[in-house]
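Here are my notes on this model, set out point by point. Please read them with the structure open.

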Amino acid sequence: MTPESSAERLATVDAPLIGRANFAPGDIVRHRMFDFRGVVFDIDPVFANSDEWYEAIPEEIRPAKAQPYYHLLAENGDSSYIAYVSQQNLLPDAEGGPIDHPQIDAMFEGLDDGRYRVRAIHRH
């Protein structure tokens, strides 16, 4: 018996139940339950973090894995950080103002109409 190749392993990945991401890089979002907001800088079509991270979420609020997950440059009243959040837990941010995060200028060119412009070097 030979080990599976990467292509064979990838071929067995199930498609997410949600057909598309609701947000795109540059969008400003707010967490549905916790008091923080952030700007999307990357998207995973399904959960792609560690099992330890996932299991640390209390079961009664643990989101499904088969949905988009967003990497955010996030801020709250005390600090800025990087957050990893499921689609079900994000809402569009009505505030629309700038995000206070030290990595904003490295990834984005500026804020237009409540949305950050992704620097060309970071576009896929």
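1. Which residue in S2 stands opposite Arg30? The partner is Arg37. This is a predicted model, and the points below should be read as such. The two arginines sit where S1 (residues 28-31) and S2 pair, antiparallel, over three bridges. Five residues make the link in the hairpin that joins S1 to S2.

2. Arg30 also has a partner in another strand. In S5 (residues 90-92), Leu91 is its bridge partner. S1 and S5 run antiparallel and are joined by three bridges.

3. Now the charges on Arg30. Its side chain forms a salt bridge with Glu95, with the closest N and O atoms 3.0 Å apart. This pair links distant parts of the chain: Arg30 lies in S1, Glu95 in the loop between S5 and helix H3 (104-107), and 65 residues separate them. Arg30 is partly exposed, because its relative accessible area is 25%, between the limits of 20% and 50%. Glu95, at 55%, counts as exposed.

4. Arg37 has a salt bridge too. Its partner is Glu75, and the closest N and O atoms are 2.7 Å apart. Here S3 supplies Glu75 and S2 supplies Arg37, 38 residues apart in the chain. Both ends are buried: Glu75 has a relative accessible area of 13%, and Arg37 has one of 5%. Salt bridges with shared partners draw Arg30, Asp35, Arg37, Glu75, Asp93 and Glu95 into one network.

5. The whole structure holds eleven salt bridges. Another of them joins the side chains of Glu55 and Arg62, at 3.6 Å from N to O. Arg62 is partly exposed, with a relative accessible area of 22%.

6. Asp44 deserves a separate look. This residue is in strand S2 (residues 37-44). Asp44 is buried but has no salt bridge. Lys65, the nearest side chain of opposite charge, is 12 Å away. Why does that rule out a salt bridge with Lys65? The cut-off is 4 Å between a side-chain nitrogen and a carboxyl oxygen, so a distance of 12 Å does not qualify.

7. Asp44 does have a polar partner. Its side chain and that of His71 are joined by a polar contact of 3.1 Å. His71 belongs to strand S3 (residues 69-75). His71 counts as buried because its relative accessibility, 19%, is under 20%. Beyond four places in sequence, Asp44 is in contact with Gln67, Pro68, Tyr69, His71 and Tyr84. On the same basis, the contacts of His71 include Val39, Phe41, Ile43, Ala83 and Tyr84.

8. Next, the hairpin of S6 and S7. S6 (residues 108-112) pairs with S7 in the antiparallel sense, over four bridges. Two residues lie between the strands, and Asp113 in the turn has a positive phi of about 50°. Leu111 stands opposite Tyr116 in S7. Side chains alternate along S7 (residues 115-118): Tyr116 and Val118 point to one face and are buried, whereas Arg115 and Arg117 point to the other and are not.

9. Last, the chain as a whole. It has three helices and seven strands. Their order is α-β-β-α-β-β-β-α-β-β. Of its 124 residues, 34% count as buried. The accessible surface comes to about 8000 Å², with 53% belonging to carbon and sulfur atoms. Among contacts between residues at least 6 apart in sequence, 53% join residues at least 24 apart.

Notes. Residues numbered from 1 in each chain as written. Predicted model: local features only at pLDDT ≥ 70, side-chain atom pairs only at ≥ 80, totals over all residues. Heavy atoms only, no water. Buried < 20%, exposed > 50% of the residue type's maximum accessible area, 1.4 Å probe, protein only. Polar contact = N/O pair within 3.5 Å; in protein donor to acceptor, adjacent residues only side chain to side chain. Contact = heavy atoms within 4.5 Å. Pairing = 2+ DSSP bridges. Lys, Arg positive; Asp, Glu negative; His and termini not counted. Areas by Shrake-Rupley, 256 points an atom, 1.4 Å probe, with all protein chains shown as cover.
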